[in-house]
Amino acid sequence: MSDLVKRIMVYIDGTEQSVTAAQYAICLASFSGAELVAHYVLNTKAMNDLLKTHIFLQDEQTEYEHDMEADAERYLNYVAEMGMKKGVSVVKKRSKGSVHREIVEAVKELEVDLLVIGELSRIRSRRDELYDETERAMRSAPCSVLIIKDEERVWNLYESLV
């Protein structure tokens with residue numbers, strides 16, 4: 001399997017689904033010997049849109065961005081710690097911008113073989129489908145994409161790692 005997958009990237013966004021995806025990616029990296037990158041994208045595009053529509057003031061945007069940066073650091077550290085507990089080194093990557101564009105660019109830049117993402121949220125309308133950043137990344141990524149489901153099974157796999 002090491003010839004098939006040399007570098008895995010897991011997208012982390014702070015949701016339970018992304019943490020489950022990270023657990024599964026750690027298992028994959030452990031079994032395959034692949035390098036694991038955890039990537040968190042600060043959605044500054046959405047913040048700029050809120051500023052343009054006067055929903056946010058400039059000071060509020062700056063404060064919110066600082067909060068998002070702290071969240072990113074916290075989640076990336078958490079994933080790195082989960083990996084360390086299982087003997088898997090995790091490279092932390094953080095970027096800012098449009099989520100799907102940043103993911104696709106990171107996949108290209110890092111020559112990722114497999115993108116791992118958490119289960120996609122339920123799409124309620126065609127409009128929601130167009131604006132779901134994770135789904136757009138999944139469709140645009142130039143590598144294979146693995147969508148992780150079944151939180152309980154993944155937890156058991158992760159816990160069984162020595």
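**Exercise 1. Burial and overall make-up**

Find what share of the 162 residues in the protein is buried, then describe the overall make-up.

*Solution.*
Step 1. Set the cut-offs: buried is under 20% relative accessible area, exposed is over 50%, and partly exposed lies in between (1.4 Å probe, protein chains only).
Step 2. By that rule, 44% of the 162 residues are buried.
Step 3. Know the model. It is predicted, so local features need pLDDT of at least 70 and side-chain atom pairs count only at pLDDT 80 or more, while totals for chains, interfaces and linings use all residues. Residues are numbered from 1 along each chain as its sequence is written, and side-chain values use heavy atoms, with hydrogens and water left out.
Step 4. Take the surface. The accessible surface comes to about 9,500 Å² (Shrake-Rupley method, 1.4 Å probe; for residues, only the protein chains shown count as cover). Carbon and sulfur atoms hold 48% of that surface.
Step 5. Count the elements. There are seven helices and five strands (DSSP runs numbered from the N terminus: H or I of at least four residues for helices, E of at least two for strands).
Step 6. Put them in order. From the N terminus on, they run β-α-β-α-α-β-α-β-α-α-β-α.
Step 7. Check the contacts (heavy atoms within 4.5 Å). Of those with a separation of 6 or more, 77% link residues 24 or more positions apart.

**Exercise 2. Two buried residues**

Place S18 and V37 in their elements, and list their contacts beyond four places in sequence.

*Solution.*
Step 1. S18 sits in helix α1, residues 16-32. Its relative accessible area is 2%, so S18 is buried.
Step 2. Leave aside neighbours within four places in sequence. S18 then touches V10, Y11, I12, D13 and G118.
Step 3. V37 belongs to strand β2, residues 35-42. V37 is also buried, because its relative accessible area is 2%.
Step 4. Apply the same sequence filter to V37. Its contacts are R7, I8, M9, V10, V91, K93 and L110.
Step 5. Add one distance. V37 and V79 are 42 residues apart in sequence, and their C-alpha atoms are 9.8 Å apart.

**Exercise 3. Salt bridges of helix α3**

Work through the salt bridges D71 to R74, E73 to K92 and K85 to E81.

*Solution.*
Step 1. State the rule: a side-chain nitrogen of Lys or Arg lies within 4 Å of a carboxyl oxygen of Asp or Glu. The whole structure holds seven such bridges.
Step 2. Take D71 and R74. Their N to O distance is 2.1 Å. The two are three residues apart in helix α3 (residues 58-85), so about one helical turn separates them. D71 is partly exposed at 27% relative accessibility.
Step 3. Take E73 and K92. Their closest N and O atoms are 3.8 Å apart. E73 lies in helix α3 and K92 in strand β3 (residues 90-96), so this pair ties together parts 19 residues apart in sequence. E73 is partly exposed at 30%, and K92 is partly exposed at 40%.
Step 4. Take K85 and E81. The N to O distance is 3.7 Å. They are four residues apart in helix α3, so about one helical turn lies between them. K85 is exposed at 58%; E81 is partly exposed at 40%.
Step 5. Look for shared partners. Salt bridges join E73, K92 and R94 into one network.

**Exercise 4. Positive phi and a charged patch**

Locate E111 and D150, give the phi of each, and name the patch that includes D150.

*Solution.*
Step 1. Recall the background. Most residues other than glycine have a negative phi.
Step 2. E111 is not a glycine, yet its phi is positive, about 55°. E111 lies in the loop between α4 (99-110) and β4 (114-118). E111 is exposed, with a relative accessible area of 60%.
Step 3. D150 has a phi near 65°, also positive and also in a residue other than glycine. D150 lies in the loop between β5 (144-148) and α7 (151-160).
Step 4. D150 is partly exposed, because its relative accessibility is 44%.
Step 5. Set the patch rule: members have over 30% relative accessible area and no salt bridge; like charges are joined within 9 Å, and nonpolar side chains (Val, Leu, Ile, Met, Phe, Trp, Tyr) within 5 Å. Asp and Glu count as negative, Lys and Arg as positive; His and the chain ends are not counted. A charge is placed at NZ of Lys, CZ of Arg, CG of Asp or CD of Glu.
Step 6. The negative surface patch consists of E16, D150, E151 and E152.
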